[in-house]
Structures are given as structure tokens and as C-alpha cells.
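Student: I've got a model open and I'd like to talk it through before I set anything up. Can we go over it piece by piece?

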Amino acid sequence: MGQGTDLVEGRAARRGRRRGRAALAVLTAAVLGVAGCDAVGGDSPAPSGSASKRPKPAPVWDRSPGSVAAVGDSITRGFDACSVLSDCPDVSWATGGSAEVDSLAVRLLGRAGAAERSWNYAVTGSRMADLTGQVTRAAARKPQLVAVMVGANDACRSSTSAMTPVADFRDQFEQAMRALRRELPRAQVYVASIPDLKRLWSQGRTNPLGKQVWKLGICPSMLGDADSLDSAATLRRNTVRDRVTDYNEVLREVCAKDRRCRTDDGAVHAYRFGTDQLSHWDWFHPSVNGQARLAEIAYRAVTAERP
């Protein structure tokens, strides 16, 4: 019995030693594995297939595009900034060459570059329904950035009932974006918000000359019967104001669905145009000074690190 007991105890001891050696081997491998990961420094190659070997993706938004095309309405044409009832594209916030404005194109490309690689396809009087045709023409130039400001004329109608319905405004903007993407899938798009038309009325209504020009048909839904403050006139102006707010929300929502589209986050709408920023011909459209302020807003939005 004594010899058998010694034999059993010997076998148990050998099994214990084998289990101990196996555990030590596992522990050693784990320690070496951790040490091996820590040993890969900044100058050492990463393990094959690791994330650090993958090239960083290029940013979707290029803060220094090499060419600019502008589309939109009378504001982008510099209407009434230089002379009464006339376009003045040289002072356009988007592509103008005027030193007084320093347009978005000049700020991005330099004065010589803007003269060669920026184009203005905006048309005075245009509404959102006209945008598809404009972006199609602009796409032929293959611009790297398309600057958009449109929508004021959808609210500036003969009456509030004639304003573009919000659903139609959305459909038309989406159609224009689809047309642009068919031709220029990688172009960037900057979309300016629509100015606060009611503020423009409140600023310009104190000027007799401006009110005479308004009678020629400038934005009658807002500017008509400019001195009236009765309940009907107030309701009419507030209806226009609210429609512009709805349009701006559409611009923001549609643009947000496109990875290469940015808005100004409502900056133009929020800007408090004063008499220095309004045309001294009609006291409604931006003056040269006002165009410069629009250029500043656009440049900040286009060159911001984040939208």
C-alpha cells in the first residue's frame, strides 16, 4: 500500500508541474503580445492591415475651391447698386471684381483668378423655378463651387396669394440640385439664406425716393402701400415674412441632405441691413456696402472648418 501511494502522489505532482508550465507559457505569450503592440512607435511600421496604414480620406468640403459660378436673382446681379433699375455685376457679392466689395470669388481666387475662373449666371427677377436652367448653364464651366442666392422673388409677388407655395419651392430646389449633381457630382454648393424682407421695408419706408421707386413694382407683396400700418397691411407683411422663414428652412433641409452643400446657417436673413447697406436708388436691394457684407458672410461660411 505504501509504494502504491507514492506512485499516485508522483503522478499528481507531475501533472501539477505540467499545468504550471502551460499556464506560464500562456502568460508569457500574453505579456510579449502586449509588449509587441507598445513597441510599434511613430517610426515603426504598423502591423499589416492595421488602421494606421490606411490613407486618411480627403475632406469632403474643400475650403479653397479653384473656380466659382454664381446663380440666383437680382441681388447676385448687383441690381440697383450702381444706378437705378440696372444690373451691376461688377459689385456682385459672389463674383464681382470691385475692390469695394471683395467678392467671394476675389477672396478665394485673388482678383486675377476671379477674372478668369468665376462666372455669374444669375438673372434679375428669377425665382426658384428658374434655378435648374441656371445651374445647367453654369455646369458647362465645371466650377468647383456653385454659389446660390434665390427665393426672394418667390415671396415678392403681386399679392401674398401669388407667392410660391412652400411645397413647390421645395420640389423646385430639389430638382435644381439633382440637375447639378448629374453634371457636377463633386462640385461644392454654398446656399445663402433669403434676407429678411420685412426689415428691408422698415428701413426703406422712411425714404421718399425709395418709396417712389417701390411703386414701380418692386416686391409689392411686402412694399405695397408702404406707409399703411393697419391690420390688413400688417397681416400681409407678416405673411410674407413667415413665407420667407419657411423658404429658408427648405433651403437648409435640402442642402443638409447633400454632403457637399453648405448654407450660411441663416446669417444673411439675420443680418440687420441698415441704410448704408441698402441701395440709395430703391432702398431695398443691397448697396455696394451691402454687397460687401454679403461677400463676408459667404466667405466665412465657405472657408469655415466646420459648417
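Confidence, core and a bent helix

Tutor: Sure. Start with confidence: pLDDT stays under 50 over residues 22–52, for which the model has 8 contacts beyond four places in sequence.

Student: And what is the mean pLDDT of the chain?

Tutor: This is a predicted model, so that's a fair thing to ask, given that pLDDT is the predictor's confidence in each residue. Besides 22–52, residues 1–10 stay under 50, and the model has 0 contacts for them beyond four places in sequence. Across the chain, 81% of residues reach 70 or more, and the mean pLDDT is 87.

Student: How many helices and strands am I looking at, and what share of the residues is buried?

Tutor: The secondary structure comes to 11 helices and 5 strands. Among contacts between residues at least 6 apart in sequence, 72% join residues at least 24 apart. As for burial, the chain has 307 residues, and the buried share is 45%.

Student: Helix α2 looks odd to me. Where is its kink centred?

Tutor: Check the span of α2 (residues 104–117): 14 residues at 1.5 Å a residue would reach 20 Å in a straight helix, yet the end C-alpha atoms are only 12 Å apart. That shortfall goes with a kink of about 115° in α2. The residue at its centre is Gly110.

Student: Which elements do the buried residues of α2 pack against?

Tutor: The buried set in α2 includes Leu104, Ala105, Val106, Leu108 and Leu109. Further along α2, Gly113 and Ala114 are buried too. Their packing partners are β1 (68–72), β2 (118–120), β3 (145–149) and α11 (288–303).

Student: Let's follow β3, then. How many of its residues are buried?

Tutor: Look at both faces: Leu145, Ala147 and Met149 point one way from β3, while Val146 and Val148 point the other way. In a regular strand the side chains alternate between the two faces of the sheet. Both sets in β3 are buried. So β3 is largely enclosed by the rest of the structure, with a buried count of 5 of the 5 residues.

Student: What does Ala147 have as its bridge partner in β1, and what stands opposite Ala147 in β4?

Tutor: β1 and β3 pair in the parallel sense over 5 bridges, and there Ala147 is the bridge partner of Ala70. β3 and β4 also pair in the parallel sense, over 4 bridges. One of the pairs between them is Val148 with Val191. For Ala147, the residue opposite in β4 is Tyr190.

Student: Which residue in β5 is the bridge partner of Tyr190?

Tutor: In β4 (residues 188–191), Gln188 and Tyr190 point one way, Val189 and Val191 the other, and all are buried. β4 runs parallel to β5 (residues 261–263), with 3 bridges joining them. In β5, the partner of Tyr190 is Arg262.

Student: Now the rings. How many aromatic pairs are there, and why is the pair of Phe169 and Tyr247 stacked?

Tutor: The structure holds 3 aromatic pairs. The Phe169 and Tyr247 rings have their centres 4.1 Å apart. Planes under 30 degrees apart count as stacked. The pair is stacked because its planes sit at 10°.

Student: How far apart in sequence are the parts that this pair ties together?

Tutor: Phe169 is buried, and Tyr247 is buried as well. Phe169 belongs to helix α5 (residues 166–183) and Tyr247 to helix α9 (residues 231–256), so the pair ties together parts whose separation in sequence is 78 residues.

Student: What about Tyr271 and Phe273: stacked or edge-to-face?

Tutor: Tyr271 is partly exposed at 25% relative accessibility, whereas Phe273 is buried with a relative accessible area of 2%. Their ring centres are 4.9 Å apart and their planes lie at 85°, so the pair is edge-to-face.

Student: Last one: which residues does Gly151 touch, leaving out those up to four places away in sequence?

Tutor: Gly151 is in the loop between β3 and α4 (152–155). At 0% relative accessibility, Gly151 counts as buried. From Gly151 to Leu131 the C-alpha distance is 9.7 Å, with their places 20 residues apart in sequence. The residues Gly151 touches are Asp73, Ile194, Phe169 and Tyr247.

Technical notes. Residues numbered from 1 in each chain as written. Predicted model: local features only at pLDDT ≥ 70, side-chain atom pairs only at ≥ 80, totals over all residues. Heavy atoms only, no water. pLDDT = per-residue confidence, 0-100. Contact = heavy atoms within 4.5 Å. Phe/Tyr/Trp six-rings, centres within 6.5 Å; stacked < 30°, edge-to-face > 60°. Helix = DSSP H or I, 4+ residues; strand = E, 2+ residues; numbered from the N terminus. Buried < 20%, exposed > 50% of the residue type's maximum accessible area, 1.4 Å probe, protein only. Expected span 1.5 Å × (residues − 1). Bend = angle between axes of the 7 residues up to and from the residue. Pairing = 2+ DSSP bridges.
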